[in-house]
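Please look over the sequence and the 3D view that follow, and keep both at hand while reading. The paragraphs after them move from the chain as a whole to some of its parts.

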Amino acid sequence: MRELSCYSEWGMLPPLVVFWLAAPSGTDAHAAVQRWAADHGYRPVAALAAPAPAYDEAVAQEIETLLEDARSLAPGSGGSFERLDQLLSLHPELPQAAWWAAERYALEAQLRGRAGDTDGGPEGELSRRGLALEGPRAPLAGADAAPSGALPPALPLQLRELRPRDELLLDGEPAASGQQIVPGRHQAQLFRAQRQVWSSWVELGSPPVLLVPDTSPACSESDLWGTERGAQGPLPAPGVRCAAWAVANLRNGSELELALCQGSRCGAWERRNLGIGGAPALATEATQPPVPAWVSWGAIGLGAAASTLLVLWQTGVFDRTAPATQFVFTGPTGSALRF
């Protein structure tokens with residue numbers, strides 16, 4: 001966490017991370033949060049930013065090129081497989097990594113088969129690895145079907161330490177406790193509020209048990225992702241590790257909603273109106289003058305406005321029921337009756 005320079009006069013107070021659901025910009029909002037936090041014995045600070053996993057187009061292109069080279073089934077394709085193993089091992093965050101790995105195993109198995117490696121050893125192991133990642137493939141025209149019993153039986157998956165609202169993908173597909181999974185090497189990706197927070201290749205034994213690591217530092221952006229707005233107060237996602245933090249939300253351009261939180265529990269909203277040219281006052285039912293449209297506030301907010309809007313969209317704040325389409329029949333026109 002880092003202290004915000006505009007709150008230096010409260011530097012002796014303990015820090016308080018403020019999570020913005022709708023982040024404004026402007027001195028009035030800054031002053032309102034600073035005074036509100038000071039009233040509760042804190043100073044606002046910014047949370048540790050969560051690095052966004054980037055999709056490396058260059059890596060993806062190299063993998064595709066190596067697979068195309070391997071499809072030639074030339075004797076010198078072995079180097080392509082080694083480079084593929086290196087790239088895929090380093091980039092489990094790529095969404096299609098499991099499919100690429102399965103294709104890589106299938107291609108080497110075909111190469112070994114054409115080279116006369118029919119002892120069922122390395123070729124069979126490669127086939128089993130690919131099957132574990134993507135399931136059985138339809139046999140090619142003129143090819144023999146995959147031998148029965150080539151794949152170990154699927155067993156119920158056991159997930160441990162997974163936050164209730166987090167989504168786990170195995171080999172690109174949603175996974176849950178009790179789901180049938182084949183033991184072996186799999187691609188695991190963890191998402192929180194539609195953001196990837198962890199990815200890795202995992203080796204699942206028999207029975208397949210996966211301890212999902214929580215790599216989010218306490219009070220970081222990724223620790224607080226998934227917080228929703230409730231009518232009475234914020235609704236944090238279960239599993240938040242931050243001991244003391246706050247939620248802020250700007251409504252109707254001028255009303256601030258603020259609440260203190262501990263872990264996955266938050267208090268009720270405390271509302272303050274932002275007046276033009278004056279200090280914020282406690283919210284009332286009186287109509288307040290409008291203020292300029294707010295833009296992104298990156299100083300206190302836990303992420304940019306784009307990620308803030310994504311949180312709100314994921315929670316359904318912007319969902320609206322589509323208006324029903326009405327059809328009115330007025331009878332045939334005169335032109336419709338002419339031949």
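Among the contacts in the chain between residues at least 6 apart in sequence, 62% join residues at least 24 apart. This is a predicted model, and its secondary structure comes to eight helices and 18 strands. Of the 339 residues of the chain, 42% count as buried, while the accessible surface comes to about 18,300 Å², with 55% of that area belonging to carbon and sulfur atoms.

A pair of strands can serve as a place to begin. Strand 2, which covers residues 15-22, and strand 3 run parallel and are joined by three bridges, and across this pairing Leu16 stands opposite Pro44 of strand 3. Within strand 3, which covers residues 43-46, Arg43 and Val45 point one way whereas Pro44 and Ala46 point the other way, and yet all of these residues are buried.

Further along the chain, Asp171 deserves a careful look. Asp171 sits in the loop between strand 6 (167-170) and strand 7 (173-175). Which side chain of opposite charge is nearest to this buried residue, Asp171? It is that of Arg185, but at 8.7 Å away, and Asp171 has no salt bridge; since a salt bridge requires the charged atoms to be within 4 Å, the distance to Arg185 fits that absence. If residues up to four places away in sequence are not counted, Asp171 touches Ala98, Ala132, Leu133, His186 and Gln187.

The cysteines come next, for the structure holds two disulfides. In one of them, Cys219 and Cys242 are joined with their sulfur atoms 2.0 Å apart. This pair links distant parts of the chain, 23 residues apart, with Cys219 in the loop between strand 11 (209-211) and helix 6 (221-224) and Cys242 in the loop between strand 13 (234-235) and strand 14 (245-251). The link of Cys219 and Cys242 is right-handed, with 90 degrees about the S-S bond. Cys219 counts as buried because its relative accessible area is 12%, and Cys242 is buried as well, with a relative accessible area of 0%.

The other disulfide is formed by Cys261 and Cys266, whose sulfur atoms are 1.9 Å apart, and the link of Cys261 and Cys266 is right-handed, with 105 degrees about the S-S bond. Is each of these two cysteines, Cys261 and Cys266, buried or partly exposed? Cys261 is buried, with a relative accessible area of 4%, whereas Cys266, at 23% relative accessibility, counts as partly exposed, because buried means under 20%. With the bonded cysteines counted along the chain, the disulfides follow the pattern 1-2, 3-4.

Note on methods. Residues numbered from 1 in each chain as written. Predicted model: local features only at pLDDT ≥ 70, side-chain atom pairs only at ≥ 80, totals over all residues. Heavy atoms only, no water. Helix = DSSP H or I, 4+ residues; strand = E, 2+ residues; numbered from the N terminus. Buried < 20%, exposed > 50% of the residue type's maximum accessible area, 1.4 Å probe, protein only. Lys, Arg positive; Asp, Glu negative; His and termini not counted. Contact = heavy atoms within 4.5 Å. Pairing = 2+ DSSP bridges. Areas by Shrake-Rupley, 256 points an atom, 1.4 Å probe, with all protein chains shown as cover. Disulfide = S-S within 2.5 Å.
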